[in-house]
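I opened this entry to look up burial, overall shape and core packing. My notes follow in the order I checked them.

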Amino acid sequence: MKTLILFLAGLAAILVGTSTATAHAIWIESPTKATKHKAHEVKIVYGDYAEGVVEPTAKWYSDLKTLEVWVTGPAQQKTRLTLTDAGTHLVASFVPEADGLYYLSTVHATRELGGSTKYEFSSVTPVLVGRGAAALAPPAQPLAIVVAPRAYKANEPVEAQVWKAGQVFKNGKVELMSPEGWVKTVQTDANGKLVFTPKLKGSYVLEASDYQEQAGEWHQKKYTHFWQGSTTRILIN
């Protein structure tokens, strides 16, 4: 009996740890249009967007608060941003010096495992400086979902592109999270793309994820599975 109780207690701990990690995500909040030579603000938030939960930074999962945020410019120059703890989120800013497409990005594999699963959180937001449009390219990170930086309206289609290791992520899982709290799970096509039509105005968070059997050791602990999640945020007017 004692052995059974210990087994059930251990199983419960694993399930709680796993659900806590996978139900939450990191996302970057930043306007997708910026002005040259003018400071552009960036917010990094952690929570369960569909449930309307924003976690205070003191309660972020594992060592997630130590993540790094980078901005990659049109000439592929990469700069690490200085983060400030605002209590409910992290905040930073950068000053674009040239016109073109910039990528704000973060990737962080948490030190703590969820049971026997290793977790990697990431987020990407493209920012356009100047007029015109810029062609999207795969960001330099393991998993990325990106929507072109332009104005979007309700009841008009939105196209998202997903890459994994620099290649199109075909048949990849993506969750669409709306400002009203609903979640819809879709798959990318053979070109790593998906199209959806938002019916409501407001902020949407899209999360691409991948969960694989993978054995390894992380901070002196063995894991059997690897989960990756990457988000992007879009505003519908």
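I looked up burial first: 45% of the 237 residues of the chain count as buried. The exposed surface of the chain comes to about 12200 Å², and carbon and sulfur atoms supply 54% of that area.

I then checked how far the model can be trusted. This is a predicted model, with a mean pLDDT of 90 for the chain and 91% of residues at 70 or more. I noted that residues 1-21 fall below 50; beyond near neighbours in sequence, that stretch has nine contacts in the model.

Next I listed the secondary structure and found one helix and 18 strands. The radius of gyration is 18 Å, close to the 18 Å from the globule rule for 237 residues, so the chain is as compact as a globular protein of that length. The C-alpha trace spans about 70 × 35 × 30 Å along its principal axes. For contacts between residues at least 6 apart in sequence, I read that 60% join residues at least 24 apart.

Which residues have the most contacts inside the largest nonpolar core? I found Ile 26, Ile 44, Trp 60, Leu 67, Leu 81, Leu 104 and Phe 121, in a core of 23 residues. Strands E1 (25-29), E3 (40-48), E8 (90-94), E9 (100-109) and E10 (117-129) each give two or more residues to this core. E10 gives the most, with four.

I followed Ile 26 further. Leaving out residues up to four places away in sequence, its contacts include Ile 44, Trp 60, Leu 67, Phe 121 and Thr 231. I also noted a second, separate core of 19 residues, among them Ala 154, Val 162, Leu 206 and Ala 208.

Key
Residues are numbered from 1 along each chain as its sequence is written. This is a predicted model: local features need pLDDT of at least 70, side-chain atom pairs count only at pLDDT 80 or more; totals for chains, interfaces and linings use all residues. Side-chain values use heavy atoms; hydrogens and water are left out. pLDDT is the predictor's confidence in each residue, from 0 to 100. Contact means heavy atoms within 4.5 Å. A nonpolar core is a set of buried Ala, Val, Leu, Ile, Met, Phe, Trp, Tyr and Cys residues joined through side-chain atoms within 4.5 Å. Buried means under 20% relative accessible area, exposed over 50%, partly exposed in between (1.4 Å probe, protein chains only). The radius of gyration is taken over C-alpha atoms; the globule rule is 2.2 Å times the number of residues to the power 0.38. Accessible areas come from the Shrake-Rupley method with a 1.4 Å probe; for residues, only the protein chains shown count as cover.
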